[in-house]
Amino acid sequence: MAALPVPLLVLVLLLLAGCGGPGAAGQRRKEMVLSEKVSQLMEWASKRSVIRMNGDKFRRLVKAPPRNYSVIVMFTALQPHRQCVVCKQADEEYQILANSWRYSSAFTNKIFFAMVDFDEGSDVFQMLNMNSAPTFINFPAKGKPKRGDTYELQVRGFAAEQLARWVADRTDVHIRVIRPPNYAGPLMLGLLLAVIGGLVYLRGSNLDFLYNKTGWAFAALCFVLAMTSGQMWNHIRGPPYAHKNPHTGQVNYIHGSSQAQFVAETHIVLLFNGGVTLGMVLLHEAATSDMDVGKRKIMCIAGIGLVVLFFSWLLSVFRSKYHGYPYRYVRL
């Protein structure tokens, strides 16, 4: 095979280089832009676990390609004049989650945690047609957020552990939540032991108060009412205290689903259960007490009234959560 003349060979090489030049240059530009984005995010993340973003930063680092990392963004309203109590509570749990990831041995540039406050990025809220806060959205490394990338706050609550499970489901990044030490429990236990020790010391050998049935019954009743009202569920799930409708401004204290609840709802249920219990105690005392007949009749009427009233309110709560619940005492 004859060799090509030198000028013709040079021309062919130039043509080949020219054909691949624009694509290669574009790829290099993308890689440079991506490298700059990751470096900037890593620098910010080294200073603060949750990166605060305004509209420009959000559009450049989260919305605009290229991107090979996921960004979990909390949209919130933390300024005092917004009076968003739930936002502050959710922010505390979000900070715990972000710190757990930032200071873990598995920390990489695969995922970042960010925040957009309404007063710093109202244009972002308008861009996403968002009218409520707090809201958590995962912006994946490829493509746009899907339905599952928006966290179901009303169902799951905003506890850091629940957020970590959602993050693992959407990004395959597993975060072990590490909470800062809480000394409230040991302090309360020590105070309780000190009080008991002081009573034993002051009373000497007279320990009849430990056999007081009324005292133990009252303590057991308080514990039962606290547990049956859903306090343990609140401790595990970390739900918001109540929900304010952003369109109407109406505040809901009872969750409309049987799969979730608000903190205020547990307080209401505790109060209603306590009212029913008090009514039953009055009825028992009216039947067994040695008081005169007139007082026993008053106690009986009061007990019946309390049972009917508070139990009717309990049934109303059930009807609002279990739609179609058929039972009621009085129409409320």
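This report walks through a predicted protein model, from overall make-up to helix packing and single residues.

## Basis

The model is predicted, so local features need pLDDT of at least 70 and side-chain atom pairs count only at pLDDT 80 or more, while totals for chains, interfaces and linings use all residues. Residues are numbered from 1 along each chain as its sequence is written, and side-chain values use heavy atoms, with hydrogens and water left out.

## Overall make-up

The protein has 11 helices and six strands. Helices (H or I, at least four residues) and strands (E, at least two) are DSSP runs, numbered from the N terminus. Of the 332 residues in the protein, 32% are buried. Buried means under 20% relative accessible area, exposed means over 50%, and partly exposed lies in between (1.4 Å probe, protein chains only).

Contact means heavy atoms within 4.5 Å. Take the contacts between residues at least 6 apart in sequence: 66% of them join residues at least 24 apart.

## Helix packing

Two packed helices are described by the angle between their axes and the distance between the axes. Axes are lines fitted to C-alpha atoms, for helices over the stretch in contact, and angles run from 0 to 180 degrees between N-to-C directions.

Helix H3 (residues 85–102) and helix H6 (residues 160–171) have axes that come within 9 Å and cross at roughly 55°. H3 is therefore oblique to H6. Angles under 35 degrees count as roughly parallel, over 145 as roughly antiparallel, 65 to 115 as roughly perpendicular and the rest as oblique. The crossing of H3 and H6 is right-handed. A crossing is left-handed if the near helix is turned anticlockwise from the far one by less than a right angle, and right-handed if clockwise. H3 contributes Glu 93, Tyr 94, Ile 96 and Leu 97 to the contact, and H6 contributes Ala 160, Leu 163, Ala 164 and Val 167. By class, the contact of H3 with H6 holds seven nonpolar, no polar and one charged residues. Ala, Val, Leu, Ile, Met, Phe, Trp, Tyr, Cys and Pro count as nonpolar, Asp, Glu, Lys and Arg as charged, and the others, Gly among them, as polar.

Helix H10 (residues 263–288) packs on helix H11 (residues 293–321) at an angle of about 155°, with the axes 7 Å apart. That angle makes H10 roughly antiparallel to H11. H10 passes H11 in a left-handed crossing. The contact of H10 with H11 divides into 21 nonpolar, four polar and four charged residues.

## Three residues and their contacts

The contacts in this table leave out residues up to four places away in sequence.

| Residue | Element | Relative accessibility | Contacts |
|---|---|---|---|
| Met 42 | helix H1 (residues 6–47) | 30%, partly exposed | Phe 107, Asn 109, Phe 112 |
| Thr 76 | strand E2 (residues 70–76) | 0%, buried | Cys 87, Met 115, Val 116, Asp 117, Phe 118, Phe 125, Ala 133 |
| Thr 135 | strand E4 (residues 135–139) | 12%, buried | Val 73, Met 74, Phe 75, Met 130, Thr 150 |

Met 42 and Asn 109 are 67 residues apart in sequence, yet their C-alpha atoms are 6.9 Å apart. Thr 76 and Gly 121 are 45 residues apart along the chain, with 9.9 Å between their C-alpha atoms. The side chain of Thr 135 reaches the backbone oxygen of Ser 132 at 3.2 Å.

## Backbone features in loops

The peptide bond from Pro 65 to Pro 66 is cis, with omega near -5°. Pro 66 lies in the loop between helix H2 (55–63) and E2. The peptide bond from Ala 133 to Pro 134 is also cis, with omega near 0°. Pro 134 sits in the loop between helix H4 (122–127) and E4.

Asn 129 is likewise in the loop between H4 and E4. Its phi is near 55°, a positive value in a residue other than glycine. Asn 129 is exposed at 69% relative accessibility. Asp 172 lies in the loop between H6 and helix H7 (184–203). Phi of Asp 172 is near 65°, again positive in a residue other than glycine. With a relative accessible area of 58%, Asp 172 is exposed.

Technical notes
A polar contact is a pair of N or O atoms within 3.5 Å; within protein, one must be able to donate a hydrogen and the other to accept it, and residues adjacent in sequence count only if both atoms are side-chain atoms.
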